[in-house]
Amino acid sequence: MVERMVSLSVGIMLATSLLHALPEAFESKADSHTLFAILLGGLLAFFVLEKFAILRHSHHHEDDGHGHHHGHDKKEAGKAGWMILVGDGLHNFTDGILIAAAFLADPHLGLITGLAIIVHEIPQEIGDFIVLLNAGFSRTRAYVYNLICSLMAVLGGLLGYFTLERGMEWIPYVLVFASSGFIYIAVSDLMPQMQRRATLRETIPQILLIGAGVAIVLFLTRHAHQH
């Protein structure tokens with residue numbers, strides 16, 4: 001089930017980044033060249049971070065003669081589990097700033113914005129939880145780290161309330177950097193794992209689940225924009 005749900009996570013992460021967060025950032029008054037530079041820098045930064053993660057872990061395999069237990073490869077395969085926590089924390093931090101701005105403008109608008117973000121975050125957090133399990137996290141650790149990342153929204157809300165104008169100016173840049181993390185994780189870590197199962201019987205569910213992830217984000221994004 002975890003392996004199948006990774007496909008859904010790929011669709012949700014790519015759609016959230018490419019169809020929601022990045023368009024929102026580029027529709028702002030921020031300079032597009034600067035945003036593209038941050039996107040490039042974010043991709044390279046996550047590449048370097050993953051390199052350090054690889055250097056810090058011994059990547060022996062079950063078949064290398066070192067006598068590792070069955071399932072060792074699967075546990076070591078998800079190198080980017082901790083990186084998705086960084087991207088998710090930044091995304092939640094930005095959501096907190098957006099909620100604070102909406103409430104300061106109009107309490108009713110703030111309530112609708114908060115509810116829309118909650119609905120949008122449910123599939124995202126489910127996807128993150130599945131990715132963390134795939135990366136070798138226990139259920140307890142995955143819950144705890146997801147909770148910590150979720151609390152970043154509270155921190156963003158407080159910062160947005162007390163320093164609203166400055167926080168609003170940084171939103172596009174934070175969105176782009178967070179998106180670079182989601183894109184890098186989906187393309188460099190999760191999709192290569194899916195490619196290892198190349199039979200038609202396994203490929204069709206992968207494609208359908210990726211499409212389902214994209215459809216979920218499209219539906220929720222359109223619903224939020226209508227409000």
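Q: How far apart do the end C-alpha atoms of residues 143-164 lie?
A: This is a predicted model, so take the geometry in that spirit. UniProt, in an unreviewed entry, lists residues 143-164 among its "transmembrane region" features. In the model that span is 95% helix and 0% strand. Its end C-alpha atoms sit at a separation of 30 Å.

Q: What share of residues 170-187 is helix, and how far apart are the end C-alpha atoms?
A: Residues 170-187 also carry the "transmembrane region" label in the unreviewed UniProt entry. Strand takes up 0% of this span and helix takes up 100%. From one end C-alpha atom to the other, the distance is 26 Å.

Q: How many helices and how many strands does the chain have?
A: Reading from the N terminus, the elements go α-α-α-α-α-α-α-α. That pattern fits the count for the chain, which is 0 strands and 8 helices.

Q: What percentage of the contacts with a separation of 6 or more comes from residues 24 or more positions apart?
A: For context, the chain has 227 residues, and 42% of them are buried. Now take the contacts in the chain with a separation of 6 or more. Residues 24 or more positions apart account for this much of them: 81%.

Q: At what angle do α4 and α6 pack?
A: Helix α4 covers residues 81-105 and helix α6 covers residues 139-162. Where they pack, their axes are 6 Å apart. The crossing of α4 past α6 is right-handed. The packing angle is about 35°.

Q: How do the residues of the contact of α4 with α6 divide into nonpolar, polar and charged?
A: On the α4 side, the contact includes D88, G89, F93 and G96. On the α6 side, it includes C149, A153, G156 and G160. Sorted by type, the residues of this contact come to 12 nonpolar, 8 polar and 1 charged.

Q: Which residues touch the most other members of the largest nonpolar core, and which helix gives the most to this core?
A: The core holds 40 residues, and M13, I84 and L190 touch the most other members. Elements giving two or more residues are α1 (2-26), α2 (32-56), α4, α5 (107-134), α6 and α7 (164-195). With 11 residues, the helix that gives the most to this core is α1.

Q: Which residues does L190 touch, not counting residues up to four places away in sequence?
A: L190 is one of the residues that touch the most other members of the largest nonpolar core. Setting aside residues up to four places away in sequence, the partners of L190 are V6, V10, M13, V131, N134 and I185.

Q: Is G81 buried or exposed?
A: G81 lies in helix α4. Beyond residues up to four places away in sequence, G81 touches L132, A135 and F137. Its C-alpha atom is 7.9 Å from that of N134, though the two are 53 residues apart along the chain. The relative accessible area of G81 is 2%, and under 20% means the residue counts as buried.

Q: Which residues does T94 touch, leaving out residues up to four places away in sequence?
A: T94 has its place in helix α4. Its relative accessibility is 1%, so T94 counts as buried. Leaving out residues up to four places away in sequence, T94 touches I171, V174 and L175.

Q: Which residues is D95 in contact with, leaving aside its neighbours within four places in sequence?
A: D95 is in helix α4, and its 8% relative accessibility makes it buried. C-alpha to C-alpha, D95 is 9.5 Å from L175, with their positions 80 residues apart in sequence. Neighbours within four places aside, the contacts of D95 are I117 and E121.

Q: Which residues does S180 touch, not counting residues up to four places away in sequence?
A: S180 is found in helix α7. With a relative accessible area of 0%, S180 is buried. Not counting residues up to four places away in sequence, S180 touches L39, G42, L43 and F46.

Q: Is E169 buried or exposed?
A: E169 is placed in helix α7. Its C-alpha atom is 9.3 Å from that of S28, and the two are 141 residues apart along the chain. The relative accessibility of E169 is 55%, and the cut-off is over 50%, so E169 counts as exposed.

Technical notes. Residues are numbered from 1 along each chain as its sequence is written. This is a predicted model: local features need pLDDT of at least 70, side-chain atom pairs count only at pLDDT 80 or more; totals for chains, interfaces and linings use all residues. Side-chain values use heavy atoms; hydrogens and water are left out. Axes are lines fitted to C-alpha atoms, for helices over the stretch in contact, and angles run from 0 to 180 degrees between N-to-C directions. Helices (H or I, at least four residues) and strands (E, at least two) are DSSP runs, numbered from the N terminus. A crossing is left-handed if the near helix is turned anticlockwise from the far one by less than a right angle, and right-handed if clockwise. Contact means heavy atoms within 4.5 Å. Ala, Val, Leu, Ile, Met, Phe, Trp, Tyr, Cys and Pro count as nonpolar, Asp, Glu, Lys and Arg as charged, and the others, Gly among them, as polar. A nonpolar core is a set of buried Ala, Val, Leu, Ile, Met, Phe, Trp, Tyr and Cys residues joined through side-chain atoms within 4.5 Å. Buried means under 20% relative accessible area, exposed over 50%, partly exposed in between (1.4 Å probe, protein chains only). UniProt positions are given in the numbering used here, feature names are shortened, and annotations may be inferred rather than shown by experiment.
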